[in-house]
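Please take a moment to look at the sequence and the model side by side, and keep both in view while reading. The paragraphs that follow go from one part of the chain to another.

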Amino acid sequence: MTIHPPQVVKPSQVLCWAAKWVGEPDVEFRGLKGDGRKRMMRRLWKLMDEADVILHYNGQRFDIPHIQREFLELGMLPPSPFKNIDLYKTAKRQFRFDSNKLDQVAKQVGVGRKEEHEGFRLWLRCLDGEASAWDRMRRYNAQDVRLTEKLYGILRPWIVTHPSHAAFTGDRVCPKCGSEQIQRRGVATLATGRYARLHCKACGAWSRDTKRLASTTVTQIAA
C-alpha cells in the first residue's frame, strides 16, 4: 500500500524501546510516557554510541532506519559506527522455517515465545496513556529482547557475517563467541591458498586461520 503525503495526519515516531547488554541480566525500557521523546531517544543514542555491535531481529530493515530518522528529526548527529547482527537474515538465509517471524523461529528451536497481547489496540491504549497498557508494553518489549538473546545463542554458529571477536581483542579465539577452545580440524582451500580449518568446541562454529599454510602454492591464470 502506498501512502501519499496528503494522507499523512501525523508522521510516525518511536513509541518505546527496550535493550540489554548481551550476558547482562537487566533489560532497560524507555517510552514516551515517563521519559518523553527527546530524553528517550537521547538515551538510546548513548547506548548505540557505546556499542560495537548491535543484535536485533529484522532491525536493519525496520528498527534502525526508524531510529535514525528520529535522531535526524531531533537534530542529533549519527552515533559512532557499529556492526549489525540481524538474526532475521540468518533465519531466512540458512533455514526454511514455517515462518521467519521471531515468535515462530524461537518456538521451533525451543527457546520460548513472544509475550501475548491484544494486538494493535495495545499501541492505541499506550497512546491514550493507559498505565496498564504501558505495563503490558514493557513486558512485551522486555520479552522480545530476552528472546532475541536466547535465539542468538542458538543461531550464532550459523551466522555467516558475524563480526569477529578476534578482530576486537587481537587474541586467537573463536571469531563468533570469543572462546579459546578452538581446535584444528582439516584444511580450508580457497582461491588464495590453503588455510588451517578451525572448530570451536564451545559454540560449534567453524572458521579458518588467517595465515596461509607454508606448503601453499598459488598460480593465477591471466585472462
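Helices and strands are here runs assigned by DSSP, a helix having at least four residues and a strand at least two, and they are numbered from the N terminus. The model itself is a predicted one. With this naming in hand, N58 can be placed in the loop between β3 (53-56) and α3 (59-73). What is the sign of phi at N58, which is not a glycine? The angle is positive, at about 65°. To put this in context, most residues other than glycine have a negative phi. N58 counts as buried because its relative accessible area is 17%, and buried means under 20%.

Y57 is also found in the loop between β3 and α3, and with a relative accessibility of 13% Y57 counts as buried. Although 34 residues separate Y57 from A91 in the sequence, their C-alpha atoms are 9.6 Å apart in space.

The next topic is the strands towards the later part of the numbering. Strand β5 (residues 182-190) and β6 run antiparallel and are joined by seven bridges, and one can follow a single bridge by finding R184, whose partner in β6 is L198. Between β5 and β6 there are two residues, and the two strands form a hairpin. On to the following strand, β6 pairs with β7 (residues 206-212), again in the antiparallel sense, over four bridges, and here the bridge partner of H199 is W206 in β7. This second pairing is a hairpin too, with five residues between β6 and β7, and G204 in its turn has a positive phi of about 90°. How many of the eight residues of strand β6 (residues 193-200) are buried? Six of them are, so that the strand is described as mostly covered. A contact of another kind involves Y195, since R208 lies over the face of the Y195 ring, at 4.3 Å from the ring centre.

Aromatic rings also meet one another. A pair of aromatic rings is described by the distance of the centres and the angle of the planes. There are five aromatic pairs in the model, and one of them is formed by F95 and W158, which meet edge-to-face with 5.1 Å from centre to centre and 70° between the planes. This pair links distant parts of the chain, 63 residues apart, for F95 is in the loop between α4 (87-94) and α5 (102-109), while W158 is in the loop between α7 (131-155) and α8 (165-169). F95 has a relative accessible area of 22% and is therefore partly exposed, and W158, with 46%, is likewise partly exposed. Ring pairs join F95, F97 and W158 into a cluster.

Charged side chains make further links, and the count of salt bridges comes to 17. In one of these, K20 pairs with E149, with the closest N and O atoms 2.6 Å apart. Why does this salt bridge tie together parts that are 129 residues apart in sequence? The reason is that K20 lies in the loop between β1 (16-19) and β2 (28-31), whereas E149 lies in helix α7. K20 has a relative accessibility of 19% and so counts as buried.

Another salt bridge joins E28 and R30, with 3.0 Å between the closest N and O atoms, and both E28 and R30 are buried. The side chains of D144 and K114 also meet in a salt bridge, at 2.7 Å from N to O. Because D144 lies in helix α7 and K114 in the loop between α5 and α6, this pair ties together parts that are 30 residues apart in sequence. D144 is buried, with a relative accessible area of 17%, whereas K114 is partly exposed, with 23%. Beyond single pairs, E115, E118, R125, E130, R136 and R139 are joined into one network by salt bridges that share partners.

The last stop is on the surface, where F120, L124 and L127 form a nonpolar patch with about 340 Å² of accessible area together. L127 lies in helix α6 (residues 120-127). Is L127 buried or exposed? It counts as exposed, because its relative accessibility is 59%.

Methods. Residues numbered from 1 in each chain as written. Predicted model: local features only at pLDDT ≥ 70, side-chain atom pairs only at ≥ 80, totals over all residues. Heavy atoms only, no water. Patch = residues over 30% accessible without salt bridge, like charges linked within 9 Å, V, L, I, M, F, W, Y side chains within 5 Å. Areas by Shrake-Rupley, 256 points an atom, 1.4 Å probe, with all protein chains shown as cover. Salt bridge = Lys/Arg side-chain N within 4 Å of Asp/Glu carboxyl O. Buried < 20%, exposed > 50% of the residue type's maximum accessible area, 1.4 Å probe, protein only. Phe/Tyr/Trp six-rings, centres within 6.5 Å; stacked < 30°, edge-to-face > 60°. Lys NZ or Arg CZ within 6 Å of the ring centre and 35° of its normal. Pairing = 2+ DSSP bridges.
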